[in-house]
Amino acid sequence: MKENRGLMSANKDSSIPAGLTRRKMLQSAVGAIAAAAFPTERLRMARALPLQESRKQPAAGRADLTGQLARYMVDARHRVLPPNVALEAKHHILDTLGAMVSGSRLKPGEMAIAYVRAQGGVPESSVIGTNLKTSAVNAALANAMCGHANETDDVELITKTHPGCSSVAAALAMAEREGRSGTELLGAVVLGYDVCCRFLMALGPDLVRGTHRSAEGVGSTFSAVGAAASLARLEETGMRYALSYAAQQVSGLWSWTQDQEHVEKAFDFSGMGARNGVTAATMAQAGFTGVPDVFDCEHNVLEALSSQPHPGEIVAGLGSRFWIAETSIKTYSVGYPIQSAVDAFLTLRRENALRVDNVEHILVRLPADGAGIVDNSSMPDVNCQYIIALALVDGAVSFVNSHSYERMADPQIRAVKQRVQLIADRKLVDPGAPRSAMVEATLKDGRTVSHFTRFPPGTKENPLNTEGVNAKVRDLMEPVLGAERTATLIERVNRLEEVRDVRELRPLFTL
């Protein structure tokens, strides 16, 4: 006891440096003994502090990918887009608005609207197709789910992402919240596509799907944060933090294929990411601090989400390769693996006068990596056999019928559907044409006719022109907005650079 009291009193001695406790004295003594006894341990201890410090910032000579991307995101606000990229951006914004407006009247959209209406929120941004104004985060969630409620939104074929429904939803919510111009909206959407697709390329799209994750869900948060952070006008540090907050929220499982009603799929592909991206951007805008180098630091997001990351893809071709110009616009309101099949079959029907009474059998061959997604899916717009049967009976694939559970259950359609066979063909797996289709029809007179569509309309190899996009969007919007407002909105989006404040468009897409 006396020895203990002596030690306790020694801690109070003025000769002991301030802050030196008994525990610290013992730790120092143990460390000294260990260092004397084991030279290698002494060397490790000497290096410990510099090693820890080096992990806080990128090492000298390291690429600092986060910084390169963050600086580009800042500079992109002031760059003039190449004319072809600006045109593509207007096409994709208009196409996505069409998906949102039409999707606001389908179950996924209706549920999202009811959900955010119940949440309330500061009236910053509009929910399309309604009279509702709510927070930018809530509006982005609802509009994004509307945008993927109906399989009319765009798709990037290399990464298998759907950048438009999350990027445009996030950009529209932030542009309205901040009162930004049409030109800024254009640039922000282009940036969203770039950040999304580069992130997937850095992870490796096949590696993402190979680990039971959804490329669509994983990419959507980054498409949204790219667009939202641009419109928040963040500087480099804020961009770095926004990217880190986005990375922490990245999710997406391939289990969406088991969804029965397209509701969770709309959240997984777009609503979740749009919400996450706007949250990340507005938190950084509000002064939240965080990790400044999420693509470079120890335990970085690329290493966490990929077993074989390609980090350089984050910045490859920045400013010269624009992913929005490589993203496909759907001609038909069906899942993308079916686009080429519909095009091929309608070509056969038109050229050979195919009818229900003269067709014996229809064989559809799709690339093996896409066929399983659309093989007798419970969702009509993602069911290849149903869509081809519909095309044979009707001679077309309308928006209404492609989403109709009632039509899919129709006895005539069910009977014709039995004639349609789908084969997952590994020979069609081609990175250069990832969503082709071969369709072969056997007629009752014994003849066989076939057609191969390598690139369906709307791809970069077979693009839609402005009038083609306008026509598609007109059909989607008019039942909700009416002919006059639809025509005006199409015209304004096609001249988006002239819009001084995106809020000017609000009366055209709300009720």
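A search of the whole structure, which is a predicted model, finds five aromatic pairs. One of them is formed by phenylalanine 199 and phenylalanine 295, whose rings are tilted, with 6.4 Å from centre to centre and 50° between the planes. This pair links distant parts of the chain, since 96 residues separate the two partners. Phenylalanine 199 belongs to helix α9, which covers residues 182-203, while phenylalanine 295 sits in the loop between α13 (263-285) and α14 (301-305). Both phenylalanine 199 and phenylalanine 295 are buried.

The loop between α13 and α14 also supplies phenylalanine 288, the partner of tyrosine 245 in another pair linking distant parts of the chain. The arrangement of tyrosine 245 and phenylalanine 288 is edge-to-face, with a centre-to-centre distance of 6.2 Å and 75° between the planes. Tyrosine 245 lies in helix α12 (residues 236-249), 43 residues away from phenylalanine 288 in the sequence. Are these two residues buried or partly exposed? Tyrosine 245 counts as partly exposed because its relative accessible area is 21%, and buried residues must be under 20%. Phenylalanine 288 is likewise partly exposed, because its relative accessibility is 38%. Returning to phenylalanine 199 and phenylalanine 295, ring pairs link Phe199 and Phe295 with Phe222 into a cluster.

The discussion now turns to the protein as a whole. The chain forms 23 helices and six strands. Of its 511 residues, 55% are buried. Links across the sequence also appear in the contacts: among those between residues at least 6 apart in sequence, 76% join residues at least 24 apart. The exposed surface of the protein amounts to about 21800 Å², of which carbon and sulfur atoms supply 54%.

Open and enclosed spaces complete the picture. The largest pocket has a volume of about 260 Å³. Its lining consists of 13 residues, and those closest to the centre of the pocket are Thr331, Tyr332, Ser333, Lys472 and Asp475. Which element gives the largest share of this lining? Helix α21, spanning residues 466-481, does so with four residues. By residue class, the lining of the largest pocket holds five nonpolar, five polar and three charged residues.

Inside the structure there are two cavities of 30 Å³ or more. The largest cavity has a volume of about 170 Å³. It is lined by 18 residues, with His162, Glu216, Tyr336, Pro337 and Ile373 the closest to its centre. The elements that contribute two or more residues to this lining are α13 and α16, the latter covering 368-374. Nine residues in the lining of the largest cavity are nonpolar, two are polar and seven are charged.

The second largest cavity encloses about 60 Å³ of space. Its lining is made up of Ile93, Leu97, Val168, Leu172, Leu185, Val493, Leu505 and Phe509. Two elements, α5 (83-103) and α8 (163-178), give two or more residues to the lining of this second cavity. How do its lining residues divide into nonpolar, polar and charged, and what does the division show? The lining of the second largest cavity has eight nonpolar residues, with no polar and no charged residues. In the lining of the largest cavity, by contrast, seven charged and two polar residues accompany the nine nonpolar ones.

Notes
Residues numbered from 1 in each chain as written. Predicted model: local features only at pLDDT ≥ 70, side-chain atom pairs only at ≥ 80, totals over all residues. Heavy atoms only, no water. Buried < 20%, exposed > 50% of the residue type's maximum accessible area, 1.4 Å probe, protein only. Contact = heavy atoms within 4.5 Å. Areas by Shrake-Rupley, 256 points an atom, 1.4 Å probe, with all protein chains shown as cover. 1 Å grid on protein atoms, 1.4 Å probe; cavity = no way out; pocket = protein on both sides within 12 Å on 5 of 7 lines; lining within 4 Å. Points joined across faces, edges and corners; volume = space filled by probe spheres on them. Nonpolar A, V, L, I, M, F, W, Y, C, P; charged D, E, K, R; others polar. Phe/Tyr/Trp six-rings, centres within 6.5 Å; stacked < 30°, edge-to-face > 60°.
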